[in-house]
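User: Please take a close look at one buried spot in this model and then follow its surroundings outward. What holds there, and what does the rest of the fold look like from it?

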Amino acid sequence: MSDLNKLKLAEARDALRKGDVTSVELTEACLSAIEGADALGAYVHKTPEIAMDMAKAADARIKAGDAPDLCGLPLGIKDLFCTKGVASQAASRILEGFKPEYESTVTTQLFDAGAVMLGKLNMDEFAMGSSNETSVYGNAVNPWKVDDRQLTPGGSSGGSASAVAADLCLAATGTDTGGSIRQPAAFTGITGIKPTYGRCSRWGIVAFASSLDQAGPMTKDVRDAAIMLEAMCGHDPKDSTSADLAVPNFEAMLTGDIKGKTIGIPKEYHMDGMPAEIEKLWADGTEMLKAAGAKIVDISLPHTKYALPTYYVIAPAEASSNLARYDGVRYGRRAQIGKGDGITEMYEKTRAEGFGHEVQRRVMVGTYVLSAGFYDAYYNRARKVRTLIKKDFEDVFAQGVDAILTPATPSAAFGLGEMQNADPVQMYLNDVFTVTVNLAGLPGISVPTGLDSTGLPLGLQLIGRPWEEGDLLNTAYALEQAAGFVAKPEKWW
């Protein structure tokens with residue numbers, strides 16, 4: 001079978017258990033697809049030898065009857081995850097040559113479950129971006145195409161989204177600080193879930209904004225997301241924000257029965273200038289959930305209008321603190337210094353060479369809002385507004401709402417380069433529907449539900465109660481079944 005790379009996780013798992021296919025065969029099919037897809041720029045560090053060794057070990061485990069759900073399944077890993085002995089650069093020049101001596105907790109759990117690593121995936125530098133155009137490797141490309149335009153796969157997890165949509169892996173890891181799983185999932189017609197903050201360990205994931213970052217799976221459908229998320233979750237004493245909670249069998253909760261569930265529609269998400277196609281998609285999704293037996297209610301999240309500016313104060317502030325560790329002293333890039341230069345000049349030159357323009361912009365913004373005289377005016381005020389945003393959601397859930405339905409993005413994928421000379425705020429507006437979920441620490445999932453008039457995929461977002469990813473996944477499963485989205489990009493790469 002030459003199309004084994006097109007299988008979903010659940011399909012491949014079942015085929016492996018029946019003996020219809022081996023992990024080696026699945027891995028070879030994915031590696032072959034990767035070799036023919038350099039034009040997409042999805043993989044930045046390919047690891048075929050490691051993949052084949054892991055596949056052979058997985059086949060041995062399956063034969064011995066010791067096979068967790070992910071055993072033998074080939075995955076792509078976002079470059080933000082530290083992988084032992086394999087380049088982990090966060091798509092930044094400042095980390096060139098860095099090969100960690102340790103493994104992130106999330107990838108450790110995936111590999112302990114027998115998953116196979118195909119390689120590291122492209123992303124925006126330090127996860128700062130919404131189009132994958134800030135990567136030191138060059139941008140990843142969306143496998144969906146209209147005419148001759150090359151489109152963004154979204155960001156920051158653009159390489160992960162592109163790889164999953166183009167069948168260059170069965171699934172991939174992503175991270176989400178303000179929408180970096182859900183936005184690229186919507187742009188490429190796949191499924192992506194950001195779990196509750198603290199559900200997945202952040203240990204070994206290169207930090208962007210520590211109170212917002214969260215790992216999650218990017219998959220071909222909701223069932224696959226449930227399977228992979230279960231393996232990624234769990235308490236980790238190495239991460240002080242990791243929740244010591246039992247991890248449910250998320251796949252077992254996918255009944256599709258949402259009769260009696262209450263779905264909230266926030267009036268504040270009806271924004272001026274929103275395309276009619278997005279409005280229609282949202283209305284259609286609402287009707288699908290209603291037809292499936294859910295009760296639809298209008299809700300208010302009054303502080304939503306402050307979410308974007310709040311996010312773009314808090315996230316850069318935390319980034320400026322986290323990125324201060326990159327100084328050219330201990331690891332990564334070190335600039336050449338001139339005669340008479342001291343340690344300060346070495347720091348300055350290393351960071352000027354090592355950080356891209358967007359990262360520099362956000363570090364400067366973050367340093368400014370944390371500085372004396374501005375800390376209370378900006379950072380402390382943003383923290384207070386964040387508390388109000390979180391309380392909005394708490395109030396809605398206290399009224400009996402089980403999940404909230406919104407658009408995932410304000411548009412379909414846009415062309416690469418189209419926003420490079422625009423006001424940076426125009427790019428930041430891509431996160432308008434997603435940042436509230438990170439600020440409130442809630443789980444959110446993007447589900448592909450239709451196509452726009454040009455044939456590009458569009459997604460809807462469901463936001464759930466904290467720690468209730470199982471219920472959220474089941475509601476997403478019901479929406480997925482009702483929408484019946486089955487389109488795939490036509491191969492052009």
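Analyst: T219 lies in strand β6. The model is predicted, so local features need pLDDT of at least 70 and side-chain atom pairs pLDDT 80 or more, while totals for chains, interfaces and linings use all residues. Residues are numbered from 1 along each chain as its sequence is written, and side-chain values use heavy atoms, without hydrogens or water. Strands (E, at least two residues) and helices (H or I, at least four) are DSSP runs, numbered from the N terminus.

T219 counts as buried because its relative accessibility is 0%. Buried means under 20% relative accessible area, exposed over 50%, and partly exposed in between, with a 1.4 Å probe and protein chains only. The T219 side chain reaches the backbone oxygen of D221 at 2.8 Å. A polar contact is an N or O pair within 3.5 Å; within protein, one atom must be able to donate a hydrogen and the other to accept it, and sequence-adjacent residues count only if both atoms are side-chain atoms.

Beyond four places in sequence, T219 is in contact (heavy atoms within 4.5 Å) with L9, V164, A171, I190, T191, D224, A225 and M228. L9 leads to helix α1.

Helix α1 spans residues 9-18, and L9, A10, A12, R13, A15 and L16 are its buried residues. Their cover includes β6 (214-219) and α7 (222-232). Also part of that cover are α2 (23-35), α3 (48-63), β2 (74-78) and β4 (171-176). After α1 comes G19, with a positive phi near 80°.

L16 belongs to this helix. With a relative accessible area of 3%, L16 is buried. Leaving out neighbours within four places, L16 touches V21, T22, S23, L26, D59, I62, C71, G72 and L73. One of these, C71, is 55 residues away along the chain, yet its C-alpha is 8.8 Å from that of L16.

Helix α4 (105-112) offers a second view of the interior. Here T105, V106, T107, L110 and F111 are buried. β6 and α7 again appear in the cover, as do α3, β2, β3 (116-121) and β4. G114 follows α4, with a positive phi near 95°.

Now the cysteines. A search of the whole structure finds zero disulfides, a disulfide being two cysteine sulfurs within 2.5 Å. For C200, the closest cysteine sulfur is that of C233, at 3.9 Å, so the pair is too far apart for a bond. C30 likewise goes unbonded because its closest cysteine sulfur, in C169, is 6.8 Å away. C200 is buried, at 0% relative accessibility. C30 is buried too, at 0%.

Two residues take us out of the interior. K267 sits in the loop that joins β7 (262-266) to α8 (276-291). Its relative accessibility is 55%, so K267 counts as exposed. Apart from residues up to four places away, K267 touches I299 and S300. P302 lies 35 residues from K267 in sequence, with 8.8 Å between their C-alpha atoms. Y378 is part of helix α12 (375-398). At 36% relative accessibility, Y378 is partly exposed.

Back to the starting point: T219 is buried at 0%, and its contacts include L9, itself one of the buried residues of α1.
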